[in-house]
Amino acid sequence: MAEFSWEIRSPLHRALVSGPFGAHGEGGVTLTEIRNFDLVQVMARRGKAAEMASAANAHFGVAVPETPKTAGAAEATLIWSGPDQFFVLSKGGRHQVGSLAPGFAASASLSDQSHARVLIRICGDKARALLAKLSSIDLYPAAFPVGTAAATSMDHTSVTLWRGNDARDGQAVFNVLVFATFAESLWHTMLDSGAEYGVEIGHSEDLA
Amino acid sequence: MRITCPFCGERELGEFTYLGDAKPMRPAPGASEDEVYDYVYLRDNIAGVMDENWYHGGGCRAWLKVTRNTLTHEISAVEPAAGAGARQVAK
């Protein structure tokens with residue numbers, strides 16, 4: 001009898017090779033895949049947007065973003081993903097469908113996207129230069145401050161983009177959530193775009 | 001051409017898909033064959049300002065009603081189509 005082993009692997013398992021890529025010298029861009037996160041999409045049912053917002057407020061203690069922004073809650077980030085819907089991004093099983101469902105039972109539909117998306121973090125001196133090749137969103141600091149989000153397309157692929165808290169060295173941090181099956185393609189496009197600046201590639205389980 | 005999505009802001013045309021005239025309304029059940037034929041097949045070919053349905057599939061995935069001048073491509077209004085987002089339906 002055949003023996004199976006089910007191993008959870010990142011969709012970037014083959015494509016991601018840790019280390020430097022492209023131009024030599026100091027990496028101008030750092031590309032980090034964030035692994036093992038929990039992601040739940042919450043979508044208001046017809047006519048229940050206000051109820052969903054109060055349920056979210058009761059559960060997370062913060063106002064749910066109603067415009068393209070993010071909201072930081074205890075051990076979770078709420079990310080706007082469209083009208084009357086948002087993502088809950090967390091780790092360690094703290095905010096999964098099972099624990100969220102009772103609070104939203106009367107107002108919203110939940111769907112587990114943890115293994116359906118890939119999360120890529122882009123930072124470094126040339127992060128905006130790389131993203132400018134892929135996105136028409138204005139990422140200038142004043143136009144896209146910390147906590148701004150966007151549902152947009154990169155390389156004809158739908159993504160959710162948001163600016164996280166700045167890195168310890170003060171540099172801007174951009175996060176991209178992309179559908180798992182499109183992740184490898186977008187990853188290669190990002191590498192091609194960043195090659196001239198030098199890319200430092202890695203992966204992490206640290207959401208912060 | 002750019003479209004200012006009421007949810008996302010100004011975005012490039014590539015994020016949107018065109019459906020067509022926003023005017024035809026589905027006839028009531030039991031409507032005559034002529035009315036259904038008209039709804040399914042017959043369209044005005046407007047040279048000027050018309051309401052159109054567009055889909056922001058490369059962004060927030062909402063349906064929009066765009067008022068556009070077909071001669072100049074000038075867009076004078078964009079609003080959520082009926083049913084875009086749970087909040088709008090509630091009104």
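Here are some notes on the two chains, going from the overall picture down to the sheets and the contact between the chains.

1. Ground rules. This is a predicted model, where local features need pLDDT of at least 70, side-chain atom pairs count only at pLDDT 80 or more, and totals for chains, interfaces and linings use all residues. Residues are numbered from 1 along each chain as its sequence is written, while chains are lettered from A and ligands numbered from 1 in the order in which they are written.

2. Confidence in chain A. The pLDDT (the predictor's confidence in each residue, from 0 to 100) averages 94 over chain A, and 99% of the residues score at least 70. Element by element, β11(A) has the highest mean, 98, and β1(A) the lowest, 93.

3. Chain A overall. I see 4 helices and 12 strands in chain A; these are DSSP runs numbered from the N terminus, helices being H or I over at least four residues and strands E over at least two. Its radius of gyration is 18 Å, close to the 17 Å that the globule rule gives for 208 residues, so chain A is as compact as a globular protein of that length. (The radius is taken over C-alpha atoms, and the rule is 2.2 Å times the number of residues to the power 0.38.) Of the 208 residues, 44% count as buried, meaning that 20 or more other C-beta atoms, placed from the backbone, lie within 10 Å of the residue's own.

4. The seven-stranded sheet. In chain A, 7 strands form an open, mixed sheet in the order β1-β12-β2-β8-β11-β10-β9; strands pair if DSSP finds at least two bridges between them. The edges are β1 (19-21) and β9 (149-154) of chain A, each with a single partner strand, so one side of each has no neighbour in the sheet. Neighbouring strands are turned by 30° against each other on average, direction ignored. At the β1 edge, 3 bridges tie β1(A) to the antiparallel strand β12 (residues 199-204) of chain A, with Gly19(A) partnering Ile201(A).

5. What lies across that sheet. Helix α4 (residues 180-194) of chain A lies across β1, β2, β8, β9, β10, β11 and β12 of chain A, running at about 140° to β11(A). Axes here are lines fitted to C-alpha atoms, for helices over the stretch in contact, and angles run from 0 to 180 degrees between N-to-C directions.

6. The five-stranded sheet. Another open sheet in chain A has 5 strands in the order β4-β5-β6-β3-β7, with antiparallel pairing. Here β4 (70-73) and β7 (108-112) of chain A stand at the edges with a single partner strand each, so one side of each is left without a neighbour. The twist averages 25° from one strand to the next. Strand β3 (residues 38-44) of chain A is joined to β7(A) by 5 bridges, and Val42(A) stands opposite Leu110(A). Helix α1 (residues 49-60) of chain A packs on this sheet at about 145° to β3(A), and helix α2 (residues 97-104) of chain A does so at about 175° to β7(A).

7. Chain B. Its 2 helices and 6 strands run β-β-β-α-β-β-β-α from the N terminus on. Buried residues make up 23% of its 91 residues.

8. Where the chains touch. In all, 16 residues of chain B are in contact with 16 residues of chain A, contact meaning C-beta atoms, placed from the backbone, within 7 Å. On the chain B side, the largest share, 4 residues, comes from helix α2 (residues 86-90) of chain B.

How values were computed
Contact = placed C-beta atoms within 7 Å. Buried ≥ 20, exposed ≤ 12 C-beta atoms within 10 Å, placed from the backbone.
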